[in-house]
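Biologist: Please give a close reading of one part of this model, the sheet and the core around it, and then set beside it whatever can be said of the rest.

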Amino acid sequence: MSAPLPLSLAAGSTGALVVAFGVGLCFGWCLERAGLGSATKLMGQFHLTDLTVFKVMFSAIVTAMLGLFWLSRVGVVDLSRVYVPETFVLPQLVGGLVFGAGMALAGLCPGTSCVAAATGRGDGIAVAGGFFAGVLATGLALPAMARFYESGARGSLTLDTVLDLELGTLILVVVAAALAGFIVAEHVEQRSARRLEETGR
Amino acid sequence: MSTRRFGVHRALAAAAIVLAMLAAIAGARTPLAAVAIGDGVRADTFVARTVDALQLAAWIREGARDLRVLDLRGDSAYAVHHVPSAEGADFARLDTLARRADGTVVLYSDDDVHDAQAWANLAARGHRNAYVLNGGIDAWMAEVIEPVLHGDSADHVAALSRYFGGAPRTTDARGNVPKPGVEPAAAPAGELGETRRRGC
């Protein structure tokens with residue numbers, strides 16, 4: 001999803017890039033402050049000992065959902081002008097699997113690897129270099145796999161249309177699920193911490 | 001400290017659930033903004049107007065006044081081929097165009113994103129005669145340069161195609177479409193005869 005066009009209209013193309021750069025810096029700062037520049041932190045997610053990633057990401061989703069919804073209701077943001085990337089079922093499924101495998105192996109995702117690299121971590125620099133190389137290789141190989149890349153096109157899908165729910169109802173469901181998830185995550189973390197204490201580690 | 005942080009978390013969670021419940025009450029299926037886009041045009045009319053390749057070809061051939069065709073694919077793609085009379089353009093150029101909100105502008109690219117975004121950009125600035133070429137440059141090639149002729153419009157399409165140096169194609173007796181630049185293979189005598197009889 002990219003920024004609504006009025007941003008580029010008000011600030012011009014260069015201004016929009018400057019704003020995007022500023023937003024990126026803020027995002028990176030938040031990731032770093034949340035501890036997500038550390039691969040150890042991310043690996044805690046897979047070991048169920050530290051669910052910070054889950055909590056940070058779901059907090060971001062809830063904040064963005066509520067923010068965009070209410071900003072649109074008061075006429076500040078026009079949701080119809082927010083670009084929603086198209087869905088390509090199989091290519092995105094395969095891409096998601098590759099992404100997930102890479103994240104589990106590296107302990108970092110693209111955003112957090114940039115944050116880690118910015119803080120001088122060697123693993124962050126390696127992962128960031130790796131994904132830039134991967135993007136380049138994919139771009140070069142794209143003509144050969146164009147048919148697969150464009151298969152299973154479903155257009156721009158949003159959850160409310162797929163589930164046939166009103167947007168407000170969907171938001172309530174997602175927020176409730178997120179809050180329930182946070183409670184469960186806290187319990188899982190506490191149980192993991194107790195188990196670690198019991199085993200003396 | 002921990003208790004205080006827990007209190008903040010609870011307050012934020014309560015705020016989120018309240019806002020979400022209010023959203024459920026106030027929510028609409030399509031929360032189109034009430035943002036007016038100049039001249040009273042509302043956001044819910046913000047769907048790109050399109051023009052078909054054949055219609056654009058007709059406009060160009062007729063020498064439609066104040067028609068500007070903008071190619072958004074970049075210099076290298078433009079250099080390979082482009083719609084006749086089209087100008088290479090980028091988003092920065094749109095600002096100039098928007099200030100001169102007169103005449104008809106047709107935008108095209110080789111995807112469905114850049115032209116639609118450029119159209120929305122122009123429309124938001126009050127340009128009322130902007131169109132997106134339906135299907136982009138691929139549609140121009142398929143429908144104007146290498147069209148497959150059929151139906152009542154075949155003569156019209158063939159004339160348009162030849163005007164732009166195209167190579168209109170017809171299906172052979174087997175119903176196959178020859179590849180671009182390849183003449184249809186001669187049909188076996190029997191099939192050709194049957195075709196002639198049907199024609200009579």
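Modeller: In this predicted model, β2(B) and β4(B) run parallel and are joined by five bridges. One pairing within this region sets B:Leu67 opposite B:Thr104, the latter lying in β4(B). On the β5(B) side, β4(B) is joined by three bridges, and these two strands are parallel as well. There B:Leu107 has B:Val132 of β5(B) as its bridge partner.

These pairings belong to an open sheet of five strands in chain B, ordered β1-β5-β4-β2-β3, with parallel pairing. Its edges are formed by β1 (50-51) and β3 (86-88) of chain B, each of which pairs on one side only. In general terms, the strands of a sheet are paired through backbone hydrogen bonds, in a parallel or an antiparallel manner. As for β4(B), four of its five residues are buried, so that the strand is mostly covered.

The covering leads to the nonpolar core. The largest such core comprises 29 residues, and those with the most contacts inside it are B:Val106, B:Leu107, B:Trp119 and B:Leu133. At least two residues of this core come from each of the following elements of chain B: the strands β2 (67-71), β4 (104-108) and β5 (130-133), and the helices α2 (53-62), α5 (114-124), α6 (136-145) and α7 (154-163). The largest share, five residues, is supplied by α5(B). Nonpolar side chains tend to be buried together in soluble globular proteins.

B:Trp119 deserves separate mention. Leaving aside residues up to four places away in sequence, B:Trp119 touches B:Ala48, B:Leu107, B:Ala130 and B:Val132. Two of these contacts, B:Leu107 and B:Val132, are the bridge partners already named.

A further residue of chain B, B:Met141, is placed in helix α6 of that chain. B:Met141 counts as partly exposed because it has 17 C-beta neighbours inside 10 Å, whereas a buried residue would need 20 or more. Between the C-alpha atoms of B:Met141 and B:Ser161 the distance is 9.7 Å, with 20 residues separating the two in sequence.

Chain A may be set beside this. Chain A contains nine helices and two strands, and from the N terminus its elements follow the order α-α-α-β-α-α-α-α-β-α-α. Of its 201 residues, 20% count as buried. Among the contacts in chain A with a separation of 6 or more, 62% join residues 24 or more positions apart.

Helix α6 of chain A, residues 122-141, offers a check on geometry. Its 20 residues should span 28 Å at 1.5 Å a residue, and the end C-alpha atoms are indeed 28 Å apart, so expectation and model agree. The buried residues of α6(A) are A:Gly124, A:Val127 and A:Ala128. Viewed down the helix axis, these buried residues fall within an arc of 100 degrees and therefore line one face of α6(A). They pack against α4 (89-106) and α5 (110-118) of chain A. The face turned away from the buried side carries exposed residues, namely A:Gly122, A:Gly129, A:Ala133, A:Leu136, A:Ala137, A:Leu140 and A:Ala141.

Technical notes
Residues are numbered from 1 along each chain as its sequence is written. Chains are lettered from A and ligands numbered from 1 in the order in which they are written. This is a predicted model: local features need pLDDT of at least 70, side-chain atom pairs count only at pLDDT 80 or more; totals for chains, interfaces and linings use all residues. A nonpolar core is a set of buried Ala, Val, Leu, Ile, Met, Phe, Trp, Tyr and Cys residues joined through C-beta atoms within 7 Å. A residue is buried if 20 or more other C-beta atoms lie within 10 Å of its own, exposed if 12 or fewer, and partly exposed in between; C-beta atoms are placed from the backbone. Two residues are in contact if their C-beta atoms, placed from the backbone, lie within 7 Å. Two strands pair if DSSP finds at least two bridges between them. The expected span of a helix is 1.5 Å times one less than its number of residues. The arc is that of the directions from the helix axis to the C-beta atoms.
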